[in-house]
Every structure is written in C-alpha cells, then in structure tokens.
Amino acid sequence: MESHRKVSNIWKDIMMVEYRKPQIHATYVENAKIQVGNGNSILFTWLGNTSLSLKFPTLFNVVCFKEECLGDVLVRKAIFNEWNFVFRRNLFDWEKESQTELSNLLDSGVVPRDEGEDRLSWFGYNSNVFSVKSFYNLFRANPSNPDKTFELIWRNAAPHRVQCFGWLVYLGRVKTSEYLLRLGIVNKTARSDFQR
C-alpha cells in the first residue's frame, strides 16, 4: 500500500531552514528530542534525531517498506526475537555488514515505552513545550550565533508592514532584482537600472 502524504507549504518552509540557515537548524536539533511511546507516529527511519536512511543509504534503497512506523518494526522484533527487515533482494556480503551494524545500533539505542503516545520534547524552555517565542529567545541568547537578522528586521523603528516586507525579502519570497537576474528575466544592465 503506497502512502500519499501531502506536505504543507509551511512545513516545506520549515524544512528549507536546514539548507538556508544551518545554525538555526542546529540550534533546534540540539534542543529537541523524540520521545518514543507506542511507536505508531514515528517512522522507523528515525532513531532519536538520527535519520537511518542517511546513515544506511544502501539498506534503505533495498528495503521494501520505506515508510513503516517504528511500532510495526518493534512488533516484528517481539515475534521473531530479532530485527526482521524485508528486503526486495538478497543482500550482498558487504550489505550484511551494514545490516549487522544497524541491528547493533538499534539494540543499543531504541528503548520503547509500552504506554503513551510518541511525542517531541523541547529542552529550550522550562515547560518542555515548543513555542516560536521560546526558540527565538534561545536562538537570540546564543552568543556564538553570527546571524543577527532577526534583530535587524524586527527590532527597529520601521512600520510593521515594512518589517514584514523585509522578512519576506530575507526568505527569498519577493522578486528582487537579484532573483530576476538569477532566473534570466533581466540582464545585468537592467539590474543596474533598477538600482539607480
């Protein structure tokens, strides 16, 4: 059965932060942790904050059920007393070494709880509940953070509409002359006319 998940535009924007602003993404990953409950809402490809599909790409390419939840894999382990993966072909010897490494990693890292739902814990605030404000305060408080864009855009005397416009420009949502030049819609001479 193939799953057709539709990802919202908001979530796509959040995921783009990893590529555009890696220091923001790193701050989030350091302070967020997946708490395993019944395993029904966590994809098996995630172990804590580690993507197993990136750590073991060859195994991920040949496994049959790529979007299986952790709960289903744990049920199979309880039945067979071992990590039972379904591959679409027999593994080569060097792939079996990766499978052994994966099994050892899972044995040492997965500690499921029998009760409760899976949840994401946020350690950037006392209540352990994520909020944009708590993340903003945590990110701002980090003295090693070189990005002062938030301060420049939101902490000034400009009207709110101008601040919002500046934020959209920062996110690359406004068709500035650099954006039009990159698409080939305008040439360099037209760009210099824009800047005058």
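Where in the structure is the place of Ser121? Before I answer, please keep in mind that what we are looking at is a predicted model. Ser121 lies in strand β4, which covers residues 119-122, and because its relative accessibility is 8%, below the 20% limit, Ser121 counts as buried. If we leave aside residues up to four places away in sequence, Ser121 touches Asn31, Ala32, Lys33, Gln35 and Asn128.

Let me now step back to the whole protein, which has 11 helices and 4 strands. Of its 196 residues, 27% are buried, and about 14,300 Å² of the protein is exposed, with carbon and sulfur atoms supplying 57% of that area. Among contacts with a separation of 6 or more, 57% are accounted for by residues that stand 24 or more positions apart.

On the surface, I would draw your attention to Ile79, which is found in helix α5, residues 70-80. Ile79 counts as exposed because its relative accessibility is 59%, and the cut-off for that class is over 50%. Together with Val75 and Phe80, Ile79 makes a nonpolar surface patch of about 310 Å².

Finally, the cysteines, since someone at the bench may well ask about them. A disulfide is a covalent bond between the sulfur atoms of two cysteines, and a search of the whole structure finds 0 disulfides. As for Cys64, its relative accessibility is 37%, and therefore Cys64 counts as partly exposed, whereas Cys69 is buried, with a relative accessible area of 14%.

Methods
Residues numbered from 1 in each chain as written. Predicted model: local features only at pLDDT ≥ 70, side-chain atom pairs only at ≥ 80, totals over all residues. Heavy atoms only, no water. Patch = residues over 30% accessible without salt bridge, like charges linked within 9 Å, V, L, I, M, F, W, Y side chains within 5 Å. Areas by Shrake-Rupley, 256 points an atom, 1.4 Å probe, with all protein chains shown as cover. Salt bridge = Lys/Arg side-chain N within 4 Å of Asp/Glu carboxyl O. Helix = DSSP H or I, 4+ residues; strand = E, 2+ residues; numbered from the N terminus. Buried < 20%, exposed > 50% of the residue type's maximum accessible area, 1.4 Å probe, protein only. Contact = heavy atoms within 4.5 Å. Disulfide = S-S within 2.5 Å.
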